[in-house]
Amino acid sequence: MPTTLELLEEHRLFGGWQQRWRHHSSQLGCNMTFGIFLPGPKGDTPPPVVWCLAGLTCTDENFAVKSGAQRVAAELGLVLVMPDTSPRGDEVPNDEAYDLGQGAGFYLNATQEPWRQHFRMYDYLNEELPALIAASFNISDRQAIMGHSMGGHGALVLALRNPHRFASASAFAPIVNPSEVPWGVKALGAYLGEDREQWRQYDSCLLMQQAAAQLPILIDQGDSDQFLADQLQPERLEAVAQQSGWPLTLRIQPGYDHSYFFIASFVEDHLRFHAQHLLA
Ligand SMILES: N[C@@H](CCC(=O)N[C@@H](CSC=O)C(=O)NCC(=O)O)C(=O)O
């Protein structure tokens with residue numbers, strides 16, 4: 001039976017529409033919300049899509065409200081899809097800490113109790129939500145993906161595991177080597193268990209070494225980011241890219257921190273980067 005989509009909000013901006021939708025997810029076993037920006041029509045060609053994955057503690061609304069991405073997306077004729085960061089609801093397990101449980105899904109399929117029934121964000125974003133969006137909106141099958149922090153990790157993992165699905169990938173201050181940093185060790189251990197072999201499928205530094213095909217990647221990182229030294233270390237992925245001749249550009253932005261002020265400052269560059277590959 002087709003999934004029912006319920007429109008929760010709609011706002012006109014920059015000649016397009018920002019909408020918020022609710023639907024039941026069979027992968028996650030709960031109701032989910034997502035945001036979508038639909039640019040005003042440009043001719044008869046359906047617009048390509050950029051997926052925008054948010055970080056720890058975020059919902060589907062942070063990127064929609066704080067990134068300032070819609071003006072350039074409208075100009076370039078790009079649809080933006082902004083999913084939530086985890087399953088939600090009273091029936092979904094949670095944790096007191098901000099970096100585990102609801103708001104901290106890490107874009108993986110959990111295998112461990114109590115998480116494994118609901119925490120299946122990888123399959124939700126790789127299968128269920130793309131199919132729902134394709135069936136419900138007039139969009140092209142050309143897609144790109146970007147994300148911030150935990151969402152940057154999710155964007156890179158989805159792109160590296162599915163290089164033919166995406167024309168390009170980009171990230172703001174991503175977690176690139178979760179097997180080796182505190183946020184990742186905690187989350188991967190809780191969701192996947194202590195067998196580190198299982199962690200490899202969600203670690204960009206390891207995935208890049210065995211990817212089936214290459215796609216262009218852009219990463220921006222502020223050098224005043226409070227999480228840079230302990231949690232992020234994007235130079236680890238840059239080193240892997242250099243070893244394998246991967247087309248990855250890492251830009252260190254002086255004085256910028258981890259916030260949405262940083263994202264808002266460079267989101268235009270990311271959308272133009274994706275448009276260049278999506279519209280080629
Ligand atoms: N509360 C935590 C930090 C939480 C935080 O900084 N979240 C970031 C993403 S961090 C990595 O995924 C974020 O995007 N927050 C939402 C926002 O609107 O800024 C702490 O205190 O350390």
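## Close-up views of a predicted model

**View 1. Phe14, a residue with positive phi.** With 15 C-beta neighbours inside 10 Å, Phe14 counts as partly exposed, because the buried class starts at 20 and the exposed class ends at 12. Phe14 sits in the loop between strand 1 and strand 2 (16-25). Its phi is near 50 degrees, a positive value in a residue other than glycine. This model is predicted.

**View 2. Gln233, between two helices.** The loop that holds Gln233 runs between helix 7 (228-232) and helix 8 (235-244). Gln233 is not a glycine, yet has a positive phi of about 50 degrees. Gln233 counts as partly exposed because 19 other C-beta atoms lie within 10 Å.

**View 3. The whole protein.** The fold comprises 9 helices and 9 strands. The radius of gyration is 17 Å, close to the 19 Å that the globule rule gives for 280 residues, so the protein is as compact as a globular protein of that length. Along the principal axes, the C-alpha atoms fill a box of roughly 50 × 40 × 35 Å. Buried residues make up 48% of the 280 residues. Among contacts with a separation of 6 or more, 71% join residues 24 or more positions apart.

**View 4. The nonpolar core and Leu80.** The largest nonpolar core has 83 residues. Those with the most contacts inside this core are Val50, Cys52, Leu80, Val81, Ile145, Ala169 and Tyr191. Take Leu80 as a centre for the view. Leaving aside neighbours within four places in sequence, Leu80 is in contact with Ile36, Phe37, Val50, Cys52, Ala69 and Ala73.

**View 5. Helix 9, a kinked helix.** Helix 9 spans residues 260-278. A kink of about 50 degrees is centred on Phe266. Buried residues in helix 9 include Tyr260, Phe262, Ile263, Val267 and His270. Farther along the helix, Leu271, His274, Ala275 and Leu278 are buried too. The buried residues of helix 9 pack against four strands and two helices: strand 4 (49-53), strand 6 (143-148), strand 7 (169-172), strand 8 (217-222), helix 1 (61-66) and helix 2 (70-76).

**View 6. The ligand shell.** There are 13 residues around the ligand. Gly55, Leu56, Asn62, Ser149 and Met150 come nearest. By class, the shell has 5 nonpolar, 7 polar and 1 charged residues.

**View 7. His164, in a loop.** His164 lies between helix 4 (150-161) and strand 7. His164 counts as exposed because 8 C-beta neighbours lie inside 10 Å. His270, by contrast, is one of the buried residues of helix 9. The two histidines, His164 and His270, are 106 residues apart in sequence. Their C-alpha atoms are 19 Å apart in space.

**View 8. Glu6, in strand 1.** Strand 1 covers residues 6-13 and contains Glu6. With 11 C-beta neighbours inside 10 Å, Glu6 counts as exposed. Not counting residues up to four places away in sequence, Glu6 touches Trp21, Arg22 and His23. Glu6 and Leu279 are 273 residues apart along the chain, and 31 Å separates their C-alpha atoms.

**View 9. Pro114 and a cis peptide bond.** The bond from Glu113 to Pro114 is cis, with omega near 0 degrees. Pro114 belongs to the loop between strand 5 (79-83) and helix 3 (121-136).

Methods
Residues numbered from 1 in each chain as written. Predicted model: local features only at pLDDT ≥ 70, side-chain atom pairs only at ≥ 80, totals over all residues. Near = placed C-beta within 6 Å. Nonpolar A, V, L, I, M, F, W, Y, C, P; charged D, E, K, R; others polar. Rg over C-alpha atoms; globule rule 2.2 N^0.38 Å. Contact = placed C-beta atoms within 7 Å. Bend = angle between axes of the 7 residues up to and from the residue. Core = buried A, V, L, I, M, F, W, Y, C linked by C-beta atoms within 7 Å.
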